[in-house]
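Colleague: Could you walk me through this model, one topic at a time? I would like to begin with a single residue and then move on to the helices.

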Amino acid sequence: MSTAAESPAILFQKSLASGRIHSGYVISGPGDAPQEGATHFARAIVCTAEADEARPCESCQSCRTSGSQTQPVEIDGKDGPYFRFIGSHPDLYWLEKGSESSAISIKQIRHLQTALHRSSNSGGRRVVVIANAKWLNTASQNALLRLIEEPPPLTSILLATDTPFNLLTTIRSRCIRVTLPGESMRDLRGLKLSEDARNLVSRLDTIHTLGMPGLLDWAEEYHSKQGKRKVAVEELDELLSIGCDWLYERIRQATEQGQKSVRDELDAYKAVMKCRRELVRRNTNTQMTAEECLFAIRSAIHS
Ligand SMILES: [Zn+2]
């Protein structure tokens, strides 16, 4: 299945009007847009308004339940709860990385499978939103793949992510892909950047002054101490993400100025992307991955 050529809104509208809802969607876009888009689509799927009305209608029983502002249950990948519901709608599942975990665990997917093999509460459709699907590791993705390939009746899975390339190609090829509009690269010189991100940008701006010891010291900051892997993974994920955007900015500027070859920067970009894909999927060593990323960037930057 290919990327939707029509706008996401039209694609969702058509699916809802025809009742042809696929078992898997990858909804991607910048920032929180994928989560918000997936939530909207999930609520619309179970809305009981007439087909010609806009959905979610916000007035039917289903919309009132899915839109209810209850305090969300905190998800814990190890001991549960493994997922929660959207609002208090029992047929709209929400699954994300546990607050203390470094990935969406296979245990969470197994518990979801068990829940989905029971019949739905309303007898109608059920939808699962996997929020921030970039945190799915390979084992979780393979378990999820089986759910998408052989879904329980009337069940759809929406994977929301800002980095769709982190998903296995087997997952992506079996899902309808919806790309939400927006600037996918962060404006590294803009005001919206967090302080941590701004610090990383200014360190990258001076990476050409660092020798081997400096790079090793920097990578050591991502050493995953006992029981602190989650922190190291999240911080490293930010470095890899900023690193990609930083290289992209450099490549764009170089090509706009009609500069020489950008092959070195492109090679570094590919290397950092590979680190991003493998960080969660293969449970890589955080310090070594940081080294790989920083060395790749450093070797591309000659001045
Ligand atoms: Zn409704």
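Modeller: Let us begin with Ala-131, which counts as buried because it has 20 C-beta neighbours inside 10 Å, and 20 or more is what a buried residue needs. Please keep in mind that this is a predicted model.

Colleague: Where is Ala-131 found?

Modeller: Ala-131 is found in the loop between strand 4, residues 126–130, and helix 5, residues 138–149.

Colleague: And which residues does Ala-131 touch, leaving out those up to four places away in sequence?

Modeller: With those set aside, Ala-131 touches Gln-35, Trp-94, Glu-96 and Ala-160. The C-alpha atom of Ala-131 is also separated by 8.0 Å from that of Lys-97, although these two residues are 34 residues apart along the chain.

Colleague: Now the helices. How do people describe two that are packed together?

Modeller: Two packed helices are described by the angle between their axes and by the distance between those axes.

Colleague: So what is the angle for helix 9 and helix 10?

Modeller: The axes of helix 9, residues 229–256, and helix 10 cross at roughly 155° and come within 9 Å. Because angles over 145 degrees count as roughly antiparallel, helix 9 is roughly antiparallel to helix 10. The crossing of these two helices is left-handed.

Colleague: What kinds of residues make up the contact of helix 9 with helix 10?

Modeller: The residues of that contact divide into 14 nonpolar, 1 polar and 4 charged. On the helix 9 side they include Leu-236, Asp-237, Cys-244 and Arg-250, while on the helix 10 side Glu-265, Tyr-269 and Met-273 are among them.

Colleague: What about helix 9 and helix 11, is that pair roughly parallel or antiparallel?

Modeller: Helix 9 and helix 11 pack at an angle of about 15°, with their axes 10 Å apart. Because angles under 35 degrees count as roughly parallel, helix 9 is roughly parallel to helix 11. Helix 9 passes helix 11 in a left-handed crossing.

Colleague: How many charged residues are in the contact of helix 9 with helix 11?

Modeller: That contact has no charged residues, and the others are 9 nonpolar and 3 polar. From helix 9, Ala-232 and Leu-239 are among those taking part, and from helix 11 the list includes Thr-286, Ala-290 and Ile-297.

Colleague: Changing topic to the backbone, what is usual for phi and for peptide bonds?

Modeller: Most residues other than glycine have a negative phi, and most peptide bonds are trans.

Colleague: Which residues does a cis peptide bond join here?

Modeller: One cis bond joins Arg-55 and Pro-56, with omega about 0°, and another joins Gly-80 and Pro-81, with omega about -5°. Pro-56 lies in the loop between helix 2, residues 33–46, and helix 3, residues 61–66, whereas Pro-81 is found in the loop between helix 3 and strand 2, residues 84–85.

Colleague: And which residues have a positive phi without being glycine?

Modeller: Glu-58, in the loop between helix 2 and helix 3, has a phi near 70°. Asn-283, in the loop between helix 10 and helix 11, has a phi of about 55°. Glu-58 counts as partly exposed because it has 13 C-beta neighbours inside 10 Å, and Asn-283 also counts as partly exposed, with 15.

Colleague: Last one: what is the mean pLDDT of the protein?

Modeller: The mean pLDDT is 90, and 97% of the residues reach 70 or more. Over residues 1–5, however, the pLDDT is below 50, and this stretch has 10 contacts in the model beyond near neighbours in sequence.

Conventions: Residues are numbered from 1 along each chain as its sequence is written. This is a predicted model: local features need pLDDT of at least 70, side-chain atom pairs count only at pLDDT 80 or more; totals for chains, interfaces and linings use all residues. Helices (H or I, at least four residues) and strands (E, at least two) are DSSP runs, numbered from the N terminus. A residue is buried if 20 or more other C-beta atoms lie within 10 Å of its own, exposed if 12 or fewer, and partly exposed in between; C-beta atoms are placed from the backbone. pLDDT is the predictor's confidence in each residue, from 0 to 100. Two residues are in contact if their C-beta atoms, placed from the backbone, lie within 7 Å. Axes are lines fitted to C-alpha atoms, for helices over the stretch in contact, and angles run from 0 to 180 degrees between N-to-C directions. Angles under 35 degrees count as roughly parallel, over 145 as roughly antiparallel, 65 to 115 as roughly perpendicular and the rest as oblique. A crossing is left-handed if the near helix is turned anticlockwise from the far one by less than a right angle, and right-handed if clockwise. Ala, Val, Leu, Ile, Met, Phe, Trp, Tyr, Cys and Pro count as nonpolar, Asp, Glu, Lys and Arg as charged, and the others, Gly among them, as polar.
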